[in-house]
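I am opening a notebook page on this chain and will write down what I looked up, entry by entry. The sequence and the coordinates come before my notes.

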Amino acid sequence: MRTTLEIKIDRLKKNGHNISVNKVLTDGFSAWKSTIFYGFFCIIFSYLFNNLVSTILSNYLGTHMIELKFKNLVSQLNNDPRVLEEIISLYKTNPMFINKIILSSFIGILLLYPLNAGVVFCAHQIDKNGRTSFKDLISGYQGKKFIKLLGLQLIHIIIISISCLFLFLPIIYIVPGFILAGAFIIIDDVPLTKAISYSFKIVNMYFGKILLVLIFSYFFSKIFGILMCFIGLLFTLSYSNAIVYSIYRNTVGAIVIDNEVNE
């Protein structure tokens, strides 16, 4: 028997359901405003977690002194451009420093993804039930959802890394293709492979519009936050999570089915 999600995706394709970029962005702003506290917490926690991981790895790998030298050189860069050569030399002569940066980034990106998915789930709960809670925010760390979200992020990281060999060109299609997979896991609790498959199917239907929405989301959440003297990033970064839910809401979320089938 087909699931509710499969029926909704089929109806999207058969009925030629159209989505409005303006409505997706508007709904994204609404979702962002309603979850801004949870988004703010997510960003602060991510910052503290990444610093903790970085400190632990620095002590374990013995790169603490190298990092202090690196920070000192960066602070001198504006006054003396020749310092750049010393920075490059520091990277070349200290491979453990590079390994630490890569490993620290990998751990952060992997383990914090369920928390970002939790912000999407909070937006869903507010939209459907009018309220949400901290329990919803950390729901991505519970049971099988946690394993599936980790698996999804790991696959995403591997594919993005491989695409670097092709001058990042595949990223133009891969990044939008994965955009709804996490939402399908955190909201509908579907299997990992189906979540990826469903996401790519929907993105294929609306690729141009979804790409446009993601470009706007990037500029607002990153560039605009930086222009606000970086403090704005504490609030704008979570907009990218709100946009994910908005895309979900305006595609499969817009299809109503009587007697819905549970996954």
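**Helix α4 and its two sides**

I began with the outward side of α4, where the face turned away from the buried side carries the exposed residues Met65 and Lys71. I note at once that I am working with a predicted model, so every value below is computed from predicted coordinates.

I then listed the buried residues of α4, which are Ile66, Glu67 and Leu73. They cover an arc of only 125° around the axis, and therefore they sit on the same side of α4. When I asked what these buried residues pack against, I found α3 (36-61), α5 (83-93) and α6. I also checked the length of α4: its 13 residues reach 19 Å from the first C-alpha to the last, close to the 18 Å expected at 1.5 Å a residue.

**Salt bridges**

Glu67 came up again when I turned to charged pairs, since the side chains of glutamate 67 and lysine 100 meet in a salt bridge at 3.3 Å, N to O. This pair links distant parts of the chain, with glutamate 67 in helix α4 (residues 64-76) and lysine 100 in helix α6, 33 residues apart. I looked up the accessibility of the two partners and found both glutamate 67 and lysine 100 buried.

How many salt bridges does the count come to by this rule? I obtained six, and I followed two further pairs in detail.

In one of them, arginine 249 forms a salt bridge with aspartate 27, and the closest N and O atoms are 3.1 Å apart. Here too the pair links distant parts of the chain, because arginine 249 is in helix α14 (residues 239-250) while aspartate 27 is in helix α2 (residues 21-34), 222 residues apart. Arginine 249 has a relative accessible area of 29%, so I recorded it as partly exposed, whereas aspartate 27, at 15%, counts as buried.

In the other pair, aspartate 189 forms a salt bridge with lysine 148, with the closest N and O atoms 2.7 Å apart. Aspartate 189 lies in the loop between α10 (181-188) and α11 (192-205) and lysine 148 lies in helix α8, so the pair ties together parts that are 41 residues apart in sequence. Lysine 148 counts as buried at 15% relative accessibility. I also looked for salt bridges that share partners, and these join Lys23, Asp27, Asp127 and Arg249 into one network.

**Aspartate 189 in its loop**

I returned to aspartate 189 for its backbone, and there I found a positive phi of about 55° although the residue is not a glycine. Its side of the salt bridge is partly exposed, with a relative accessible area of 38% for aspartate 189.

**A nonpolar patch on the surface**

Which residues make the nonpolar surface patch of about 650 Å²? My list holds Leu103, Phe106, Leu154, Ile158, Ile162, Leu165 and Phe166. The elements that give two or more residues to this patch are α6 (95-129) and α8 (143-163), and the largest share, three residues, comes from α8. I singled out phenylalanine 106, which lies in helix α6 and is partly exposed, with a relative accessible area of 31%. Patch members need over 30% relative accessible area, and I keep that cut-off beside the 31% of phenylalanine 106.

**Glycine 118**

Helix α6 also holds glycine 118. Is glycine 118 buried or exposed? With a relative accessible area of 0%, glycine 118 is buried. Not counting residues up to four places away in sequence, I found that glycine 118 touches Asp136 and Leu137. For a distance further along the chain I took glutamine 142, which is 24 residues from glycine 118 in sequence and 11 Å from it in space, C-alpha to C-alpha.

**Serine 197**

My last entry concerns serine 197, which lies in helix α11. I recorded serine 197 as partly exposed, with a relative accessible area of 33%. Its C-alpha atom is separated by 9.8 Å from that of leucine 180, and the two residues are 17 residues apart along the chain.

Technical notes:
Residues numbered from 1 in each chain as written. Predicted model: local features only at pLDDT ≥ 70, side-chain atom pairs only at ≥ 80, totals over all residues. Heavy atoms only, no water. Patch = residues over 30% accessible without salt bridge, like charges linked within 9 Å, V, L, I, M, F, W, Y side chains within 5 Å. Areas by Shrake-Rupley, 256 points an atom, 1.4 Å probe, with all protein chains shown as cover. Salt bridge = Lys/Arg side-chain N within 4 Å of Asp/Glu carboxyl O. Helix = DSSP H or I, 4+ residues; strand = E, 2+ residues; numbered from the N terminus. Buried < 20%, exposed > 50% of the residue type's maximum accessible area, 1.4 Å probe, protein only. Contact = heavy atoms within 4.5 Å. Expected span 1.5 Å × (residues − 1). Arc of directions from axis to C-beta.
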